[in-house]
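Open the model in your viewer and keep the sequence panel beside it. The stops below tell you what to select next.

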Amino acid sequence: MSNLSLMPLFRRSIGFDRLNDLFDHAMLSEAPHYPAYNIEKVGDDHYRIVVAATGFNQDELAIDLENQVLNISGQHADQTKDNHAEFLHKGITQRSFKLSLRLDEHIEVQEANYENGLLTIQLQRIVPEEKAPCRIPIGQKKLTTENTSA
């Protein structure tokens, strides 16, 4: 595997030190093949993750968010059921899984639902007012809340 240098990107960027770590992580890890999932953009600031978690009960699924990483996992409570069956063809997997997705810093999880074997997680981008785009006046200091209260 060849080394990828991001230094040309950093010449025109300020404060993106963590970006290099993100690319390193992306290059080292493979995309999971199980379970199948979709990431959908359903509006300007609304997203949806749909995970095919067939064969799981709702209490066997977990969604955790830590350091902007959304971890979705499924753990079967009883992996030994149908132990007496002899499969002529076994195409339905019954294995546990863990799916990790990195979220942007302003993406927030709104809700999660599980219906008909599909786990649906609604996300929304909520940019704080102080980080929203604004025009900087030339020749004037940018007013802060401390300066306007005096």
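**Stop 1: Glu105 and its partner**

Select Glu105 first: at 47% relative accessibility, Glu105 is partly exposed. Bear in mind that this is a predicted model. Now add Lys131. The two residues form a salt bridge, with their closest N and O atoms 3.7 Å apart. This pair links distant parts of the chain, 26 residues apart. Lys131 lies in the loop between strand 7 and helix 3 (145-148). Glu105 lies in the loop between strand 5 and strand 6.

**Stop 2: Asp104 and Arg125**

Next, select Asp104 and Arg125. Their side chains meet in a salt bridge at 2.9 Å, N to O. Here too, the pair links distant parts of the chain, with the two positions 21 residues apart in numbering. Asp104 sits in the loop between strand 5 (97-102) and strand 6 (107-115), while Arg125 belongs to strand 7 (residues 118-125). Are these residues buried or exposed? Asp104 counts as partly exposed, at 39% relative accessibility. Arg125 is partly exposed as well, with a relative accessible area of 26%.

**Stop 3: Glu40 and Arg48**

Move on to Glu40 and Arg48. A salt bridge joins their side chains, at 2.7 Å from N to O. Glu40 is partly exposed, with 25% relative accessible area. Arg48 is partly exposed, with 26%. How many salt bridges does a search of the whole structure find? It finds 3.

**Stop 4: Glu60**

Now select Glu60, in the loop between strand 2 (46-52) and strand 3 (61-66). Is Glu60 buried or exposed? Its relative accessible area is 12%, so Glu60 counts as buried, the cut-off being under 20%. Show the side chain of Glu60 and look for Asn57: the side chain reaches the backbone nitrogen of Asn57 at 2.9 Å. Then display what Glu60 touches beyond four places away in sequence. The residues are Gly55, Ser73, Gly74, Gln75, His76 and Ala77.

**Stop 5: the whole chain**

Zoom out and switch to cartoon view. The chain has 3 helices and 7 strands. Follow the elements from the N terminus: they run α-α-β-β-β-β-β-β-β-α. Color by burial next. Of the 150 residues, 19% count as buried. Turn on the surface: the chain exposes about 12400 Å², and carbon and sulfur atoms supply 49% of that area. Finally, consider contacts between residues at least 6 apart in sequence: 50% of them join residues at least 24 apart.

Methods:
Residues numbered from 1 in each chain as written. Predicted model: local features only at pLDDT ≥ 70, side-chain atom pairs only at ≥ 80, totals over all residues. Heavy atoms only, no water. Helix = DSSP H or I, 4+ residues; strand = E, 2+ residues; numbered from the N terminus. Buried < 20%, exposed > 50% of the residue type's maximum accessible area, 1.4 Å probe, protein only. Polar contact = N/O pair within 3.5 Å; in protein donor to acceptor, adjacent residues only side chain to side chain. Contact = heavy atoms within 4.5 Å. Salt bridge = Lys/Arg side-chain N within 4 Å of Asp/Glu carboxyl O. Areas by Shrake-Rupley, 256 points an atom, 1.4 Å probe, with all protein chains shown as cover.
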